[in-house]
Amino acid sequence: MTIKTRKPTGKPSWPLLLAAGGEGSGKSWLAAVASTSDLIGETYWVGFGEQDPDEYGAIPGASFGIVEHDGTISNLKAIVKYLASQPKPEKPVLIVVDSGTKVWDTVSENAQADANRRKRAEDAVIGVDIWNKHKAHWRDIIDALRAHNGPAIITARYEEVAEIVKGKPTGEKVWKVKAEKGLPYDVDAVLHMPERGKFIVSKVRSVRLQLQEPREWPDFTMDAFWRALGLDELETGASAYATPVVDVDESGRDWLAELELAGDDVDALSSLGVAAKAAHAAEDVMTAIRERFTAAKALPQAS
């Protein structure tokens, strides 16, 4: 096996920032004001489940285009991937996705609807195969934003919830981002806005701007943040990371399609499981087959 390496460029890249705010904290306002910065060129506003910020067009210097779409996750994904894949112009393009909370809620609702159709029941348990299929749409959206050669902002709700430890409430309250649980890890920077006018930067990937602990930043703006990262004076580089790729089963068989055809037939599910194991099928496929087999065995068998 030949190992291929490259030297780090030492150049900063434009960040994907998560703006997590409480009700009325000004997440959308922050994003609209970001479009006034002379560091960027065009701004594309991709709203999802939130009111379009038409009135914010009156902010002095604000300049953004509201992207129209049909409200589906598939259309949203196509739009974000298209915007993020365009060649970098003279000044970088800002992409705003408002809101990540609504995107994740819709992904989850779609998965539940799929499970209900499969089981012909309400509030059916969502199988691993269904979760993986729908979560892949979320992953594609986030991966596109991460690979975008320019700044991006994704908003999310930030709310105080009961603290749960080992399945039991502690009686304490904690602040939590309402979105897919891995979102704060996937972004380059996290800005918490628990109330209007309060800004706390809790994470940033940067050599120029080091954080020892969460830092309160009075009068925070995206323009000031970008300048603190040195993006106004340093040569920037493209964002680069290794996109996870699912290994392809070399058997060429569509195990999930065969799982659907097997239905609740215990013998068919048993044979399918043996074949999938022999072909070293992906773990999520094996889990889905095991779950279906266990559920089928629990059903009354025809005499």
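Axes here are lines fitted to C-alpha atoms, for helices over the stretch in contact, and angles between N-to-C directions run from 0 to 180 degrees. With that settled, here are the close-ups, all taken from a predicted model.

**Figure 1. The whole chain, before zooming in, has nine helices and nine strands.** The C-alpha trace spans about 75 × 55 × 40 Å along its principal axes. Of the chain's 303 residues, 41% count as buried. If you take the contacts between residues at least 6 apart in sequence, 63% of them join residues at least 24 apart.

**Figure 2. Helix α2 packs on helix α4.** The two helices, residues 73-85 for α2 and 128-147 for α4, meet at an angle of about 20 degrees, and their axes are 9 Å apart. Angles under 35 degrees count as roughly parallel, so α2 is roughly parallel to α4. The crossing of α2 past α4 is left-handed. On the α2 side, look for I73, L76, K77, V80, K81 and A84; their partners in α4 are H137, D140, I141, A144 and L145. Sorted by class, the residues of this contact come out as seven nonpolar, one polar and three charged.

**Figure 3. Helix α3 packs on helix α4 as well.** Here the axes come within 9 Å and cross at roughly 155 degrees. Anything over 145 degrees counts as roughly antiparallel, so that is what α3 is to α4. The crossing is right-handed. From α3, the contact takes in G100, V103, W104, V107, S108, N110, A111, D114, A115 and R118. From α4 come D129, I130, W131, K133, H134, K135, W138 and I141. The class count for this contact is nine nonpolar, four polar and five charged residues.

**Figure 4. The largest nonpolar core has 31 residues.** Which of them touch the most other members? They are L18, L76, V97, V103, L145, I154 and L183. Several elements chip in: β1 (16-21), α2, β4 (94-98), α3 (100-119), α4 and β5 (152-165) each supply at least two residues. With six residues, α2 gives the most to this core. Another core lies apart from it, with 30 residues that include A32, W45, V96 and L209. As background, nonpolar side chains tend to be buried together in soluble globular proteins.

**Figure 5. L76 gets a view of its own, with its contacts beyond the local stretch of chain.** Skip the neighbours within four places in sequence, and L76 is in contact with V46, F48, V103 and I141. L76 also turns up on the α2 side of the contact with α4, and I141 is one of the α4 residues there. V103, for its part, belongs to the α3 side of the contact between α3 and α4.

**Figure 6. Helices α7 and α9 make another packed pair.** Helix α7 covers residues 255-262 and helix α9 covers 283-297; they pack at an angle of about 10 degrees, with axes 10 Å apart. That angle makes α7 roughly parallel to α9. W255, L256, L259 and E260 of α7 make the contact with V285, A288, I289 and R292 of α9. By class, there are six nonpolar residues, no polar ones and two charged ones.

**Figure 7. Three loops carry some backbone oddities worth a look.** D98 and S99 are joined by a cis peptide bond, with omega at about 20 degrees. S99 sits in the loop between β4 and α3. D123 is not a glycine, yet its phi is positive, at about 55 degrees. You'll find D123 in the loop between α3 and α4. Is D123 buried or exposed? Its relative accessibility is 65%, so D123 counts as exposed. D219 is another residue other than glycine with a positive phi, near 55 degrees. D219 lies in the loop between β9 (215-216) and α6 (222-228). At 68% relative accessibility, D219 counts as exposed too.

**Figure 8. S202 sits in strand β8, residues 200-204.** With a relative accessible area of 29%, S202 is partly exposed. Outside its neighbours within four places in sequence, S202 is in contact with V190, H192, L211 and P214. For a sense of distance, A179 is 23 residues away along the chain, and the C-alpha atoms of S202 and A179 are separated by 17 Å.

Notes
Residues numbered from 1 in each chain as written. Predicted model: local features only at pLDDT ≥ 70, side-chain atom pairs only at ≥ 80, totals over all residues. Heavy atoms only, no water. Helix = DSSP H or I, 4+ residues; strand = E, 2+ residues; numbered from the N terminus. Parallel < 35°, antiparallel > 145°, perpendicular 65-115°, else oblique. Left-handed = near helix turned anticlockwise from the far one by under 90°. Contact = heavy atoms within 4.5 Å. Nonpolar A, V, L, I, M, F, W, Y, C, P; charged D, E, K, R; others polar. Core = buried A, V, L, I, M, F, W, Y, C linked by side-chain atoms within 4.5 Å. Buried < 20%, exposed > 50% of the residue type's maximum accessible area, 1.4 Å probe, protein only.
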